[in-house]
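Student: I would like to learn how to read some features of a protein model. Where should we begin?

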Amino acid sequence: MPGTGRRRYVRRFCHRVAGVQSLQAQVGEVIHTSDWFEVSQQRIDAFAEATGDRQWIHVDTARAARESPWKSTIAHGYLTLSLYPLLRGLVDSATPLFPGVTSVINYGLDKLRFPNAVKAGRRVRARCVLLRVEEVPGGLQIAEQYTVEIEGEPKPACVAEAIMRAYF
């Protein structure tokens, strides 16, 4: 059908313009807070197997109870970081980041820190503050501060500037 490609282009362009305008109005605001999520020993063990990082502080519950400063095993810092797509809600195709987005990719990180350890069995959640929105070919580049809070703890487990690209 003639003109179908043009309609698709116009629709994508309109979604991108609307996305930029609505997001730029939210810079500096909390744009997402996840539900609480338990970091189980089973998840820690699976991450250890996947990465080859089997340090006793993560996988040896008896030794950690005796010798670690936390008296428990703790999640890997990179496990806590890797929960970003799940806690941010980027993995559910039924709920896109905003209308018209067809894919979201991780573009990078800046200013990554792990100020507190997540003990096995503790619950965490993500709090995301929008930092920047920029147009890139075919989509938007979005930077947000990803903070992983630990239930009942004053210091977060992870703070990072996460950068993603959303394509239309």
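Tutor: Begin with contact, which here means heavy atoms within 4.5 Å. This is a predicted model, in which local features need pLDDT of at least 70, side-chain atom pairs count only at pLDDT 80 or more, and totals for chains, interfaces and linings use all residues. Residues are numbered from 1 along each chain as its sequence is written, and side-chain values use heavy atoms, with hydrogens and water left out.

Student: Leaving aside neighbours within four places in sequence, which residues is Arg122 in contact with?

Tutor: With those neighbours set aside, Arg122 has contacts with Phe37, Glu38, Val39, Ile150, Glu151, Gly152 and Glu153. Arg122 and Val39 are 83 residues apart along the chain, yet their C-alpha atoms are separated by 5.8 Å. Arg122 itself lies in the loop between strand 3 and strand 4.

Student: How are helices and strands assigned?

Tutor: They are DSSP runs, numbered from the N terminus: helices are H or I with at least four residues, strands are E with at least two. The chain has 6 helices and 6 strands, in the order α-β-β-α-α-α-α-α-β-β-β-β.

Student: What share of the contacts between residues at least 6 apart in sequence join residues at least 24 apart?

Tutor: The share is 70%.

Student: How do I read burial?

Tutor: Buried means under 20% relative accessible area, exposed means over 50%, and partly exposed lies in between, with a 1.4 Å probe and protein chains only. Of the 168 residues of the chain, 36% count as buried. Arg122, at 23% relative accessibility, is partly exposed. The area exposed by the chain is about 9,400 Å², and carbon and sulfur atoms supply 52% of it. Accessible areas come from the Shrake-Rupley method with a 1.4 Å probe; for residues, only the protein chains shown count as cover.

Student: What is a nonpolar core?

Tutor: In soluble globular proteins, nonpolar side chains tend to be buried together. A nonpolar core is a set of buried Ala, Val, Leu, Ile, Met, Phe, Trp, Tyr and Cys residues joined through side-chain atoms within 4.5 Å. The largest one here has 32 residues, of which Val39, Leu83, Val124, Leu140, Ile142 and Tyr146 touch the most other members. Two or more residues of this core come from each of helix 1 (4-24), helix 2 (41-51), helix 5, helix 6 (84-88), strand 4, strand 5 and strand 6 (158-167). Beyond its neighbours within four places in sequence, Tyr146 is in contact with residues including Leu83, Tyr84, Leu87, Ala126, Cys128, Val159 and Ala162.

Student: Where is Thr147, and is Thr147 buried or exposed?

Tutor: Thr147 is in strand 5. Thr147 counts as buried because its relative accessible area is 4%. Apart from neighbours within four places in sequence, Thr147 is in contact with Arg125, Ala126, Arg127, Pro156, Cys158 and Val159. A polar contact is a pair of N or O atoms within 3.5 Å; within protein, one must be able to donate a hydrogen and the other to accept it, and residues adjacent in sequence count only if both atoms are side-chain atoms. The side chains of Thr147 and Gln145 make such a contact at 3.2 Å.

Student: How many salt bridges does the structure hold?

Tutor: A salt bridge is a side-chain nitrogen of Lys or Arg within 4 Å of a carboxyl oxygen of Asp or Glu, and the structure holds 10 of them. One joins Glu149 and Arg127, at 2.9 Å from N to O. This pair links distant parts of the chain, with Glu149 in strand 5 (residues 139-150) and Arg127 in strand 4 (residues 123-136), 22 residues apart. Glu149 is buried at 17% relative accessibility, whereas Arg127 is partly exposed at 27%. Elsewhere, shared salt-bridge partners join Arg63, Arg66 and Glu67 into one network. Within that network, the closest N and O atoms of Glu67 and Arg66 are 3.7 Å apart.

Student: What should I look for in phi?

Tutor: Most residues other than glycine have a negative phi. Lys71 has a positive phi, near 60 degrees, and is in the loop between helix 4 (61-67) and helix 5 (77-82). Lys111 also has a positive phi, of about 55 degrees, and is in strand 3 (residues 103-113). Lys71 is exposed at 51% relative accessibility, and Lys111 is exposed at 64%.
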